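Biologist: Hi! Could you walk me through the empty spaces and the ring contacts in this protein?
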Amino acid sequence: MDTEIKTLLGKGLSGGYGASNYSKGERAGFPIDINDYQGTEGKYHDEWAAHQNGGGQEIIETSDGKKWTRVYAGGSLEEESLTKLGITGEDVSDKIKFFLGKLGDKTRFDFEVVDIEGDWSYSYKIDRKEKDIPLIVGCERIEYKGSLVFTHEIINSPVV
């Protein structure tokens, strides 16, 4: 993955979902959340259907015409289990946004990252990189005091 793609995906994600700057919409009759960004770097679009669990797709086109997509699915523990840990779904959502904002274009791509903030830890691990077909599969996890509270499987691919 090149820097332009990482920059645009990072800017779109952190400025949209990460900043709670998105709108409600519909796709084929299903309610979804939508985030769009357009700047000198190119254009970004993200759609997802999720609250506790679900998934979505980001798609970009850089200013020089390169296209990329990133799909993701997963979510967090149900509220009852989070309560037993002393946290809420809102706490988890806030930490997702915190880590995505802090890490920006350093996660969900083609290298691994770990970050810790108090009792919270974030990790992104590459599960598979295909050599002959450009595809990267990774797993994003957030733990609270060593307990898994959020996970996403993430797939990156150019659009050709």
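Modeller: Happy to, and we'll take the pocket, then the rings, then the cavity. Keep in mind that this is a predicted model.

Biologist: Great. How do people find empty space in a protein anyway?
Modeller: You roll a probe the size of a water molecule over the atoms, and that shows where empty space is left.

Biologist: OK, so what is the volume of the largest pocket?
Modeller: The largest pocket has a volume of about 590 Å³.

Biologist: And which residues lie nearest its centre?
Modeller: Those are Tyr17, Ala50, His51, Gln52 and Ser93, out of a lining of 29 residues.

Biologist: Which element gives the most to that lining?
Modeller: That would be α3, with 6 residues. Several other elements each supply at least two residues, including the strands β3 (42-50) and β4 (53-62) and the helix α2 (79-85).

Biologist: How does the lining split by class?
Modeller: The largest pocket's lining has 11 nonpolar, 11 polar and 7 charged residues.

Biologist: Let's switch to rings. How many aromatic pairs does the structure hold?
Modeller: It holds 6 aromatic pairs. Take Tyr22 and Trp48: their ring centres are 5.0 Å apart and their planes meet at 70°, so this pair is edge-to-face.

Biologist: Where in the chain do those two sit?
Modeller: Tyr22 is in the loop between α1 (3-15) and β1 (23-27), while Trp48 is in strand β3. They are 26 residues apart, so to speak, and the pair links distant parts of the chain.

Biologist: Is Trp48 buried or exposed?
Modeller: Trp48 counts as buried, because its relative accessibility is 7% and the cut-off for buried is under 20%. Its partner Tyr22 has 32%, so Tyr22 counts as partly exposed.

Biologist: Which residues do ring pairs link into a cluster with Trp48?
Modeller: Tyr17 and Tyr22 join Trp48 in that cluster. You've met Tyr17 already, as one of the residues nearest the centre of the largest pocket.

Biologist: What sits over the ring of Tyr17?
Modeller: The charged end of Lys97 does, 5.2 Å from the ring's centre. In a similar way, Lys95 has its charged end over the ring of Phe98, 4.6 Å from the centre.

Biologist: Last topic: how much space lies in the largest cavity?
Modeller: About 40 Å³, and the structure holds just 1 cavity of 30 Å³ or more.

Biologist: What lines it?
Modeller: Among the lining residues are Leu9, Leu13, Arg70, Leu100 and Phe109. The largest share, 4 residues, comes from α1. By class, the lining divides into 4 nonpolar, 4 polar and 1 charged.

Definitions and conventions
Residues are numbered from 1 along each chain as its sequence is written. This is a predicted model: local features need pLDDT of at least 70, side-chain atom pairs count only at pLDDT 80 or more; totals for chains, interfaces and linings use all residues. Side-chain values use heavy atoms; hydrogens and water are left out. On a 1 Å grid over the protein atoms alone, a cavity is a set of points where a 1.4 Å probe fits but cannot get out, and a pocket is an open set with protein on both sides within 12 Å along at least five of seven lines; lining residues have an atom within 4 Å of a point. Grid points are joined across faces, edges and corners, and a volume is the space filled by probe spheres set on the points. Ala, Val, Leu, Ile, Met, Phe, Trp, Tyr, Cys and Pro count as nonpolar, Asp, Glu, Lys and Arg as charged, and the others, Gly among them, as polar. Rings of Phe, Tyr and Trp (its six-membered ring) pair if their centres lie within 6.5 Å; planes under 30 degrees apart count as stacked, over 60 as edge-to-face and the rest as tilted. Buried means under 20% relative accessible area, exposed over 50%, partly exposed in between (1.4 Å probe, protein chains only). A charge sits over a ring if NZ of Lys or CZ of Arg is within 6 Å of the ring centre and within 35 degrees of the ring normal.
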